Amino acid sequence: TYQVVDHHMVIHAGWRRGAPGINKSCGIAVMIQKPYFVKEDIKLIDPGPVDLRGRVLAVRITKGNFLDVTLFCLYFPPKPSRAADQKRWFDTFKRIIQWFDLALFECRGRSTPVLMTDLNDFFTQNHFIADDLTVGPFTTSRQRRYGPADWLTQTLRKHDMAVLTTHKSIP
């Protein structure tokens, strides 16, 4: 949905009741500040497929000939503690990565992708590099067993992207 709140345009992708891997904690949004941008600057709103609603969102914004960005919001599910729920978690995670990979491919060469996500579940390494936790090839063997950090890192590399904190120590 699209709405104006104070000095912002808000694009929200809510959750769909009954979709596998989706629950009432899902829902993501992008706030775009007015007056820098107007509704006509928003060229694309993609809430993703029905089974990922509330977990993925892409918003393409252009401004004249000098700005063309696609904002990606990804809400990865936390790893469940019950073994019975882990297959659904794994499948949902893979679907998010597949959607993101395809969406990045579709915007390649015309729009700069910007990823916004919460990487707090099996993403960061257990040791420090340059005084910061990172996402990348330094993930632990425990994390590799589950795959999420590697899937995201491989997808980002495939599209010539990186998580900023991975390179924090590089001047």
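## Overall architecture

Read from its start to its end, the chain runs through its secondary structure in the order β-β-β-β-β-β-α-β-α-α. This amounts to seven strands and three helices. The model described here is predicted.

## Burial and surface

The chain has 171 residues, and 43% of them count as buried. Its exposed area is about 10,100 Å², of which carbon and sulfur atoms supply 55%.

Contacts across the sequence can be described in a similar way. Among contacts in the chain with a separation of 6 or more, 57% join residues 24 or more positions apart.

## The largest nonpolar core

In soluble globular proteins, nonpolar side chains tend to be buried together. In this model, the largest nonpolar core comprises 19 residues. Phe-72, Leu-74, Trp-99 and Phe-100 have the most contacts inside this core.

Two strands, β5 (56-63) and β6 (67-74), and two helices, α1 (83-107) and α3 (148-158), each give two or more residues to the core. The greatest contribution comes from α1, which provides nine residues.

## Surroundings of Trp-99

Which residues does Trp-99 touch, leaving aside those up to four places away in sequence? Its contacts include Phe-72 and Leu-74, both named with Trp-99 among the residues that have the most contacts inside the largest core. Trp-99 also touches Asp-46, Gly-48, Pro-49 and Leu-52, together with Val-56, Leu-57 and Ala-58.

## A separate core

Another core, of 13 residues, lies apart from the largest one. Its members include Ile-28, Val-30, Ile-32 and Leu-71.

Definitions and conventions
Residues are numbered from 1 along each chain as its sequence is written. This is a predicted model: local features need pLDDT of at least 70, side-chain atom pairs count only at pLDDT 80 or more; totals for chains, interfaces and linings use all residues. Side-chain values use heavy atoms; hydrogens and water are left out. Helices (H or I, at least four residues) and strands (E, at least two) are DSSP runs, numbered from the N terminus. Buried means under 20% relative accessible area, exposed over 50%, partly exposed in between (1.4 Å probe, protein chains only). Contact means heavy atoms within 4.5 Å. Accessible areas come from the Shrake-Rupley method with a 1.4 Å probe; for residues, only the protein chains shown count as cover. A nonpolar core is a set of buried Ala, Val, Leu, Ile, Met, Phe, Trp, Tyr and Cys residues joined through side-chain atoms within 4.5 Å.
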